[in-house]
Amino acid sequence: MKTWKTAFVAGAITASVFIAANAEQAGPPAPPPMMVGTLEVGQATPAPLQFSRSVTLDAQPDAVFAHIANAQNWVDLIDPVTAVETDGAGQKGDTRRFTMQDGRTFVDVIRANHKPSASKPGVYAWSAAPGNPYGLEEHLSALEFRPSDDGGTVLSFYVFFASPDAQKANMMAQGLGKSVDHMLGNVVRTFGGEERGSAQGTQRVTLTQQRTINATPQQAWRVVAEQWGQVDRWASTVAHSELTGKLGVGAVRSCSVPGTPGFKETLLTYNPDEMSLSYQPTEGMPPFVKKAVGTWKISPEDGNRVTVDIAVVLDIAEGTPLPVVGMVKHQFGQLVDVTGDDVKYFLENGKPHPRKLMAASGM
């Protein structure tokens with residue numbers, strides 16, 4: 001039986017394939033639902049994903065969930081909040097009323113309160129009530145709690161809202177993003193942990209992931225760069241890969257992904273001294289993605305540890321519907337997230353992540 005982690009990867013691939021294969025077809029079938037934990041987003045809001053943030057915490061998902069689902073803890077989670085009143089136990093349909101330092105109030109409605117389990121990620125979600133002081137429309141904020149590979153928690157914060165003006169939406173997303181970053185910083189200070197990644201933007205979508213890995217810089221560079229054409233050794237989404245040309249600027253990597261036409265990427269930069277490289281997909285991207293560039297950077301830390309920074313920048317064609325852009329941020333963001341975990345696991349354990357082995361076996 002597939003675990004939720006395997007289904008998580010498969011769902012991301014399926015949605016990406018749908019976008020790429022059907023964007024130019026008339027009347028394509030409906031894409032897979034956008035899921036945050038066990039919550040189907042489309043049943044809670046039609047608004048697109050505006051941005052997301054995530055951190056890794058040094059505590060198990062049930063402990064983190066219990067802390068955040070307790071409304072009284074939000075006085076410490078959100079600094080401007082001075083008091084919280086609730087009309088229930090925090091279950092779906094209950095409301096929370098926040099009093100701010102400036103005297104304003106903010107009311108929201110709980111949309112999901114699903115505790116994490118061994119087989120399913122947890123989700124805690126809410127929507128701002130109409131007439132809120134921030135002008136949010138069709139709003140949904142959702143926190144996803146899933147176990148990390150090292151026994152902690154991956155906490156991801158997704159924010160959806162609608163705006164007829166893309167520029168206004170970007171400004172609102174930037175402001176809300178700062179508040180979310182501040183809240184997640186408070187959570188990290190409570191449980192211990194580190195920043196993980198983000199997804200944001202409208203016409204230019206920026207996806208980032210960062211991993212601190214117990215490996216030497218030379219080990220990391222060998223896997224990420226010197227074996228760039230052999231990504232199929234560790235990436236759970238790639239069944240087969242091969243390099244065309246001599247490794248270096250201009251080399252082409254061809255990757256096979258089950259159920260898709262696959263894709264090709266060309267190395268743009270390759271710098272062993274700075275331990276960085278960048279590449280551009282040339283085949284296999286959705287037609288509304290006009291340009292995409294991926295960048296990897298390895299930075300030595302104390303001892304035999306490195307920080308690996310992954311960034312993917314997508315230039316989206318003007319006029320692309322915002323829900324489609326939101327799907328790109330969500331699904332491609334999940335793929336970059338999974339890739340970060342895959343390379344960390346491979347470097348630290350000397351073998352592929354279990355989900356890659358499960359995918360290879362067809363389980």
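This report describes cavities, aromatic rings, a helix and two single residues in a predicted model.

## The cavities

Searching the whole structure gives two cavities of 30 Å³ or more. The largest cavity has a volume of about 140 Å³. It is lined by 15 residues, and those closest to its centre are Ser52, Ser54, Tyr158, Gln209 and Gly333.

Four elements give two or more residues to this lining: strand S3 (49-57), strand S9 (153-162), strand S10 (193-200) and helix H6 (322-349). Which element gives the most to the lining of the largest cavity? That element is H6, with five residues. By residue type, the lining of the largest cavity divides into nine polar, three charged and three nonpolar residues.

## Aromatic pairs

The whole structure holds 10 aromatic pairs. Such a pair is described by two values, the distance of the ring centres and the angle of the planes.

Phe98 and Phe106 have ring centres 6.4 Å apart. Why is the pair of Phe98 and Phe106 called tilted? The planes of the two rings are at 50 degrees, and planes count as stacked under 30 degrees and as edge-to-face over 60, with the rest as tilted. Phe98 has 5% relative accessibility and Phe106 has 9%. Both residues therefore count as buried, because buried means under 20% relative accessible area.

Tyr124 and Trp126 form another aromatic pair, with 6.0 Å from centre to centre. The planes of Tyr124 and Trp126 are 50 degrees apart, and this pair is tilted as well. Tyr124 and Trp126 are both buried.

## The cluster and the charges over rings

The four residues just named belong to one aromatic cluster, which is formed by Phe65, Trp74, Phe98, Phe106, Tyr124, Trp126, Phe145 and Phe157. One member of the cluster, Trp126, has Arg96 over its face, at 5.1 Å from the ring centre.

A charge over a ring is also found at Tyr279, where the charged end of Arg253 sits 5.4 Å from the ring centre.

## Helix H5

Helix H5 covers residues 217-226. Which residues of H5 are buried? They are Pro217, Ala220, Trp221, Val223, Val224 and Ala225.

These buried residues pack against four strands and a helix: strand S14 (263-271), strand S15 (276-283), strand S16 (289-300), strand S17 (306-316) and H6. H6 is also the helix that gives five residues to the lining of the largest cavity.

## Two single residues

Glu137 is in strand S8, which covers residues 137-147. With a relative accessible area of 47%, Glu137 is partly exposed, because the term exposed is kept for values over 50%. Which residues does Glu137 contact, leaving aside its neighbours within four places in sequence? The contacts of Glu137 are Phe161 and Ala162. Ala162 lies 25 residues from Glu137 along the chain, and the C-alpha atoms of these two residues are separated by 5.6 Å.

Val324 is in helix H6. At 27% relative accessibility, Val324 counts as partly exposed. Along the chain, Val324 and Lys168 are 156 residues apart. In space, 18 Å separates the C-alpha atoms of Val324 and Lys168.

Note on methods:
Residues numbered from 1 in each chain as written. Predicted model: local features only at pLDDT ≥ 70, side-chain atom pairs only at ≥ 80, totals over all residues. Heavy atoms only, no water. 1 Å grid on protein atoms, 1.4 Å probe; cavity = no way out; pocket = protein on both sides within 12 Å on 5 of 7 lines; lining within 4 Å. Points joined across faces, edges and corners; volume = space filled by probe spheres on them. Nonpolar A, V, L, I, M, F, W, Y, C, P; charged D, E, K, R; others polar. Phe/Tyr/Trp six-rings, centres within 6.5 Å; stacked < 30°, edge-to-face > 60°. Buried < 20%, exposed > 50% of the residue type's maximum accessible area, 1.4 Å probe, protein only. Lys NZ or Arg CZ within 6 Å of the ring centre and 35° of its normal. Contact = heavy atoms within 4.5 Å.
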